[in-house]
Amino acid sequence: MSGDEMNPAAVAQAVVDVHGDDRWMSQHKQFVLECKDAEPEVLFIGDSMVQLMRQYEVWRELFSPLHALNFGIGGDTTCNVLWRLQNGELDNIRPKVAVVWVGTNNYEHTAEQVAGGILAVAQLLTCRLPKTKVVVLGLLARGERPNPLREKNAAVNGFLRSWLPRLGQVQFLNVGEGFVHSDGTISTRDMFDFLHLTAAGYRAVAKPLSDFLLQILEETPEERRAMLV
C-alpha cells in the first residue's frame with residue numbers, strides 16, 4: 001500500500017458470532033491455552049488451508065515430528081489472523097519458524113490490500129518473535145477453470161514476492177505449482193471443491209514445505225545471520 005492510506009485488510013478484527021455458538025472465539029481461546037504448555041519448533045497460522053492440513057496423514061508424518069502447532073481457523077481473513085495474534089496466540093511461545101497461509105478469504109479487498117494484510121501479519125510476527133523465521137505461503141489457484149478470484153490470488157502472490165524481502169527474516173514460498181493443468185483446469189483429485197485440498201493435494205504442498213522447513217531448522221545461528229546480511 002502506498003502513502004498513508006489505511007489498508008482495511010490490515011485492520012485487526014474478531015469474527016462476529018452470527019451463528020450464536022461462540023465457535024470462533026472458543027477456538028481462539030483453545031489456541032491461547034495451547035501456548036501455555038507447548039514448546040513448538042514450528043507454528044502454522046492461517047485459515048482453513050492450515051486448519052484442514054492436520055486431518056491428513058501428511059501432518060502426522062511430516063509436521064508433527066517438528067513439534068508443530070496448528071492455529072488455523074476456517075474462513076479467517078488477514079484481519080482475523082491479526083486479531084488472534086494480537087490477543088494471546090503468540091504468548092509464551094518462541095517457535096523457530098512461523099508459517100503463514102491466509103488471504104484467499106479476503107473477498108472484500110483488492111489484491112494489493114490482501115498482500116498488505118499478509119505483510120502486516122508477517123511484520124507483527126517479526127516484531128513479537130524477532131528470532132523466528134517467517135515463511136509466507138503463496139495463495140493457491142482456485143476454481144475449476146480460470147476466473148477472477150484465481151487472477152486475484154496470482155496478483156497477491158506477485159505483490160508478496162516484491163514486498164516480503166524487505167522484512168529480512170521473512171521468505172515467500174510458492175507451493176501451488178502443478179495444480180493448474182495445461183487446459184487451465186484444476187482437478188478434483190487435488191481440490192475436492194476447487195478450493196480445499198484433498199489428501200493428494202496436501203501431499204503435493206507438504207513435500208516442498210517440509211523440505212524448506214527442515215532446511216531452515218538445520219541452519220546454524222551463523223548461517224542464519226549470514227542470510228540476513
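Phe-159 and Trp-163 both sit in helix α6 (residues 148–163), 4 residues apart, so about one helical turn separates them. The model they belong to is a predicted one. Their ring centres are 5.1 Å apart and the ring planes make an angle of 35°, so this pair is tilted. The label follows from the cut-offs, because planes under 30 degrees apart would count as stacked and those over 60 as edge-to-face. The two residues can also be described by their accessibility. Phe-159 has a relative accessible area of 27% and is partly exposed, whereas Trp-163, at 8%, counts as buried. The dividing value here is 20% relative accessible area, under which a residue is called buried.

The rest of the chain can be approached through its sheet. Five strands make up an open sheet, with parallel pairing, and their order is β2-β1-β3-β4-β5. At the edges are β2 (68–72) and β5 (170–173), each of which pairs on one side only. Between neighbouring strands of this sheet the average turn is 20°, with direction ignored.

At one edge, β5 is joined to β4 (residues 133–137) by 4 bridges in the parallel sense. Within this pairing, the residue opposite Val-135 is Gln-171 of β5. Helix α5 (residues 111–128) packs on the sheet and touches β1 (42–46), β3 (97–101), β4 and β5. The direction of α5 makes about 165° with that of β4.

Aromatic rings offer another route through the model. A search of the whole structure gives 7 aromatic pairs. One of the pairs joins Tyr-56 and Tyr-202, whose ring centres lie 5.2 Å apart with planes at 40°, so this pair too is tilted. Tyr-56 is in the loop between α2 (48–51) and α3 (57–63), while Tyr-202 is in helix α7 (residues 199–217), so the contact ties together parts that are 146 residues apart in sequence. Tyr-202 is buried, at a relative accessible area of 0%. Tyr-56, by contrast, has 21% relative accessibility and counts as partly exposed; the limit for buried is under 20%.

Ring pairs also link Phe-44, Trp-59 and Phe-63 into a cluster. Phe-44 falls within the residue range of strand β1 (42–46), and Trp-59 and Phe-63 fall within that of helix α3 (57–63).

Technical notes:
Residues numbered from 1 in each chain as written. Predicted model: local features only at pLDDT ≥ 70, side-chain atom pairs only at ≥ 80, totals over all residues. Heavy atoms only, no water. Pairing = 2+ DSSP bridges. Helix = DSSP H or I, 4+ residues; strand = E, 2+ residues; numbered from the N terminus. Axes fitted to C-alpha atoms, helices over the stretch in contact; angles between N-to-C directions. Contact = heavy atoms within 4.5 Å. Phe/Tyr/Trp six-rings, centres within 6.5 Å; stacked < 30°, edge-to-face > 60°. Buried < 20%, exposed > 50% of the residue type's maximum accessible area, 1.4 Å probe, protein only.
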